[in-house]
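Here is a short briefing to read with the structure open beside you. Please keep the viewer handy and follow the topics one by one.

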Amino acid sequence: MHISRPRSVLLAGAVAVTLSATALPAAFAAPSATAVISEVYGGGGNSGATLTRDFIELANAGSSAYDLSGFSVQYLPGSPSAGSLWQVSALTGSVAPGGRYLVAQAAGTGGTVALPTPDATGTVAMSATSGTVALVSGTTPLTCKTAADCAADTRIVDLVGYGSAVVREGSGPVTGTSATASVARAASLADTDDNAADLSAGAPTPFNTAGETSGGSGPGDPGDPGNPTEPGTVRVHDIQGTTRVSPLNGQSVTGVPGIVTGVRTSGSRGFWIQDATPDADPRTGEGVFVYTGSAAPAVAVGDSVLVSGKVDEYYPSTTTQSVTEITAPKVTVLSSGNALPAPVVLDAASVPAAYVPSADGGSIDALALDPKTYALDLYESLEGTRVEIADTRVTGATTAYHEVWVTIKPKENPTRRGGTLYSSYTDQNTGRIKVMSLDTARPFPVANVGDVLTGTTTGVLDYDSFGGYNLQATELGTLTDHHLRREVTRKQKGKELAVATYNVENLDALDEQSKFDTLAAGVAVNLSSPDIVSLEEIQDDNGAVNDGTVGSDATLKRFTDAIVAAGGPRYAWRYIAPENGKDGGEPGGNIRNVFLFNPERVDFVDRPGGDATTAVTAVRTKKGVTLSASPGRIAPTSDAWDDSRKPLVGEFRFHGKPVFVIGNHFASKGGDQPLHGRYQEPTRSSETKRVKQATEVNTFVKSLLAADKSARVITLGDLNDFAFSPTMTALTGGKALKPLITTLPRNEQYSYVYEGNSQTLDHILVSPGVRRFDYDVVHINAEFADQASDHDPQIVRVDVNAPDHGHH
């Protein structure tokens, strides 16, 4: 369930996810979160053109430099013939995070303006109106000439078809190219692998790695008046205004005064200024971000400055709120070492309990801010302003991106282990805030849930796609370790059947041994060796390599060997291999659900006939219900499972009694609007598919119960949804299944932590025939900075011989 996340504000973000997406949707050449083709122009030197040459511009949405040595850009005519060949332009060097890289192509006889100094030069005379450009790992010419063949070529990092190109990503090529128009990716650099959606036509804007554009000038306007010498008439609060969008958006401002309160030297480079003489309106912010692009900021905290530039609302993604910025700045430092404005204290008393105003699903951008009523309005009014928090409890462990979630409201929905429980769509946790550090000299603290950032943490309030408002700390509190322990569940008794679910996060045979060992210890030790383990996210034996491999026996052999080494039993396994490329997940990974079982304790009933496309059915017999095939798949050809993992059904026998287990991994939440975004209430577009999937599983369970109302059915897995969701309503319809998460005390109803919210995506449900059970979520991953998976496993122990009237 990894999401690779670009960290720069300028290029922040492929998909805004409300919840972690379990592997990105299988799209075309796999959406790139790093290097993308950002602009294509084939009209250079044509009649009517201004620029003298064609160009291809690359960009890097990642958080580290992208090495292009050994790579190439390649061009194919829009309607290739049998004799058409891809033309190759080799690349060298690298593209910085948030930066651009310019490849000049052939010159024509028209045009008057040269490109800025290119980073690489090719000789391709590209068509102004129709063609295909690919960024390729390697310099061997591509051979594909159809969209499908190119999608299958793993050397292609990104591909853009324009005009009427046959080879393109997604629903269609991007249109509108001409002698005077290029096609460019949106500022977010979002790559959904749909050219028509991701790019649009406009005036060409070539940038090289030095940040220069045409005519040799920097990002400022030609004929720029130079650095400001006197304060102008505009102040920061005039720029911020009383709504989320600046009343001066798109306008140039001159000599805006402020004190530098923070400097960011990596990712989205720039600095924050704050006006030392605020106005009386709490809605109008006094701080603003000054974006310096590829140039390192030439100011220090405490500098008194005048800034001229252009006001811009930068949207990190299409569904997020925006960051108000001054771009293409000219800066004059008047003095240094000035006192900073006093920080605004954020605590349980100052942050409202209501989260955000409703716009009935529309944009809240134009609504007047009400910072006394809504937490998001307060945070927006403080965007770019110095704030301070103190003695905050960690509710989301330190991530690989050096960020940690804390709560400024210690009494807001606390979990038993120190998190903050997410318990409904209507009651958001307003005290959550993400903390990042601007102090590159000090290592970022490694914190688990329940630890405390003790003392004062001070810095500037910022906003990004991944969680919304965050504190860019110039001074971090000290970490107090509360020694969170990984849980160990009790061993099942001889008469109890122990069944567990565990999402092992894209496990394949090429993963490092330490991942296998940690996951194996989770099964053998923390879960006390269950009789059956339903696994999600087992991949084929060569992981993301896309060569037609669909088996996962090598992966499972390594995993079960590691379990034995950790002191567990020798598990056997059953699965049904998917059709190549049909089950979604990481492209080439062929993700699937798998049953492990301990043959010393439980029997698997093997019945032939189960395959990737055959639906399993309930068969009524004189001795009760059986499966038509075991293992089998539920309705695999239903459109509910298009490009998604299919449920795996197995028939087991324990103490002579049949038990039916259904392993599930429903569609991810990728593409949902974020909780903190500009559309309120957010649309959960991915829910439609999960409700269809839940309905298919519910229908199958009812078919088992129709044949035998006392059938013991255990449905479990990563459902990618909450106990209070429509997905759960569909899955439990007709009381066919009972969700066990809601049988726990409220402060223990979670198995996953996302953006500082403790919540549940994984579930175990049982049919009415399961009469006596003991259920446990075993917290070993989600609350820890060091985790083998981002999910905690769960286990249910069932007494299959319980009399009809017994209860938990």
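In this predicted model, strand S34 (residues 657-665) pairs with strand S35 (residues 713-718) in the parallel sense, over 6 bridges. S34 also has S33 to pair with, and that pairing is antiparallel.

**Strands S33, S34 and S35**

- Across the parallel pair, Gly 663 of S34 sits opposite Leu 716 in S35.
- Strand S33 (residues 648-654) is joined to S34 by 7 bridges.
- In that antiparallel pair, the residue facing Glu 651 is Phe 660 in S34.
- S33 and S34 form a hairpin with 2 residues between the strands, and His 655 takes a positive phi near 55 degrees there.
- Of the 9 residues of S34, 7 are buried, so the strand is largely enclosed by the rest of the structure.
- As background, strands of a sheet pair through backbone hydrogen bonds, and they can do this either parallel or antiparallel.

**Val 649, a residue of S33**

- Is Val 649 buried or exposed? Val 649, found in strand S33, has a relative accessible area of 0%, so it counts as buried.
- Leaving aside residues up to four places away in sequence, Val 649 touches Phe 595, Val 616, Leu 627, Pro 631, Gly 632, Ile 634, Val 661, Ile 662 and Phe 700.
- Two of these partners, Val 661 and Ile 662, carry numbers that fall in S34 (residues 657-665).
- Lys 582 lies 67 residues from Val 649 along the chain, and the C-alpha atoms of the two are separated by 19 Å.

**The helix pair H5 and H6**

- Helix H5 (residues 513-526) and helix H6 (residues 553-565) have axes that come within 8 Å and cross at roughly 55 degrees.
- The two helices are therefore oblique to each other, and their crossing is right-handed.
- Which residues meet at this crossing? H5 brings Gln 513, Phe 516, Asp 517, Leu 519, Ala 520, Val 523 and Ala 524, while H6 brings Thr 555, Arg 558, Phe 559, Ala 562 and Ile 563.
- Sorted by class, the contact has 8 nonpolar, 2 polar and 2 charged residues.

**The five-stranded barrel and Thr 292**

- Here 5 strands close into a barrel in the order S13-S14-S15-S17-S16, with mixed pairing.
- On average, and with direction ignored, neighbouring strands of this sheet are turned by 55 degrees against each other.
- Within the barrel, S15 pairs with strand S17 (residues 323-335) in the parallel sense over 2 bridges, and Val 290 has Ile 326 of S17 as its bridge partner.
- Where does Thr 292 lie? Look in the loop between strand S15 (287-291) and strand S16 (304-314).
- Thr 292 is buried, because its relative accessible area is 16% and the cut-off for buried is under 20%.
- The contacts of Thr 292, not counting residues up to four places away in sequence, are Arg 269, Gly 270, Phe 271, Pro 297 and Pro 329.

**The open sheet of four strands**

- This open sheet of 4 strands runs in the order S5-S4-S9-S10, and its pairing is antiparallel.
- Strand S5 (87-90) and strand S10 (156-162) are the edge strands, each pairing on one side only.
- From one strand to the next, the twist averages 20 degrees.
- Strand S4 (residues 72-77) is paired with S5 in the antiparallel sense over 4 bridges, and Ser 72 has Ala 90 of S5 as its bridge partner.

Notes:
Residues numbered from 1 in each chain as written. Predicted model: local features only at pLDDT ≥ 70, side-chain atom pairs only at ≥ 80, totals over all residues. Heavy atoms only, no water. Axes fitted to C-alpha atoms, helices over the stretch in contact; angles between N-to-C directions. Parallel < 35°, antiparallel > 145°, perpendicular 65-115°, else oblique. Left-handed = near helix turned anticlockwise from the far one by under 90°. Contact = heavy atoms within 4.5 Å. Nonpolar A, V, L, I, M, F, W, Y, C, P; charged D, E, K, R; others polar. Buried < 20%, exposed > 50% of the residue type's maximum accessible area, 1.4 Å probe, protein only. Pairing = 2+ DSSP bridges.
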